[in-house]
Amino acid sequence: MNTKNNKRRRESKEKIERAFIELLQTRELSEITVSDICKLCDLNRSTFYANYLDIYDLADKIRERLEEKVNRLYEAERIQKFNSNNYLKLFYHIRNNQLFYRTYFKLGYDNKYQIKCYDINLAERRFNGKNIEYHMEFFKSGLTAIIKMWLAGGCKEEPEEMNEIIISEYKGCL
């Protein structure tokens, strides 16, 4: 029986996702077909379509899973309405999941992600409640650019070093 969370189905989804991510390292999304994925992971097209509507649905599912994991890193802070402004957890997560982050950025999802760890109350106090949306966009874009640069360099710097860079760059904002 092919129930939603049975072991065989989970394994098939993992194979499909790994094959898709592997193909994305050398091709653009528009160049990847369901047949390419199925051939690489040795599964039938019907198995793919039992789990995903199409390639874009697969990409969205990978994005959703990564964003959920990132949001869980700061879940306790959100629940307690506290912002530590500590990005160390994020940098460790990125270093340990480099391939997923590279895939995320290659798919262009970084411009769609809604930042949930930005301390709006602190920003309103710091900037007297003015132009908060601009400050948020500046922060998000700067953080994203630093992460992309770190990934492109193979995450050679330690997460602590990257955290210090963020703290020093945004000292006036944090």
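What follows is a walk through the helices of a predicted model, their packing and two loop residues. Since the model is predicted, local features need pLDDT of at least 70 and side-chain atom pairs count only at pLDDT 80 or more, while totals for chains, interfaces and linings use all residues. Residues are numbered from 1 along each chain as its sequence is written, and side-chain values use heavy atoms, with hydrogens and water left out.

The protein chain turns out to hold 10 helices and zero strands, where helices (H or I, at least four residues) and strands (E, at least two) are DSSP runs numbered from the N terminus. Read from the N terminus on, that gives α-α-α-α-α-α-α-α-α-α. Of its 174 residues, 41% count as buried; buried here is under 20% relative accessible area, exposed is over 50%, and partly exposed is in between (1.4 Å probe, protein chains only). Contact means heavy atoms within 4.5 Å. Among contacts with a separation of 6 or more, 62% come from residues 24 or more positions apart.

Helix α1 (residues 7–24) is a good place to start. Its 18 residues should span 26 Å at 1.5 Å a residue, and the end C-alpha atoms are 26 Å apart, which agrees; the expected span is 1.5 Å times one less than the number of residues. R9, S12, I16, E17, A19, F20, I21, L23 and L24 are its buried residues, and they pack against α2, α3, α4 and α7.

With helix α2 (residues 34–41), α1 crosses at roughly 115°, the axes coming within 9 Å. That makes the two roughly perpendicular. Axes are lines fitted to C-alpha atoms, for helices over the stretch in contact, and angles run from 0 to 180 degrees between N-to-C directions. Under 35 degrees counts as roughly parallel, over 145 as roughly antiparallel, 65 to 115 as roughly perpendicular and the rest as oblique. The crossing of α1 and α2 is right-handed, meaning that the near helix is turned clockwise from the far one by less than a right angle (anticlockwise would be left-handed). On the α1 side, K15, I16, A19, F20, E22 and L23 make the contact, and on the α2 side D36, I37, L40 and C41 do. Sorted by class, that is seven nonpolar, no polar and three charged residues; Ala, Val, Leu, Ile, Met, Phe, Trp, Tyr, Cys and Pro count as nonpolar, Asp, Glu, Lys and Arg as charged, and the others, Gly among them, as polar.

Helix α6 (88–96) and α10 (159–169) also pack together, at about 135° with axes 9 Å apart. This angle makes α6 oblique to α10, and the crossing is right-handed. L88, F91, Y92 and R95 of α6 meet P159, E160, M162, N163 and I166 of α10, a mix of six nonpolar, one polar and two charged residues.

Helix α4 (residues 55–73) has 19 residues, which should span 27 Å; its end C-alpha atoms are 28 Å apart, which agrees. Buried in α4 are I55, D57, L58, A59, I62, R63, L66, E67, V70 and N71. Their packing partners are α1, α2, α3, α5, α6 and α7.

Two loop residues other than glycine have a positive phi. D42 has phi near 55° and sits in the loop between α2 and α3, exposed at 69% relative accessible area. For C155, phi is also near 55°; this residue lies in the loop between α9 and α10 and, at 6% relative accessibility, counts as buried.
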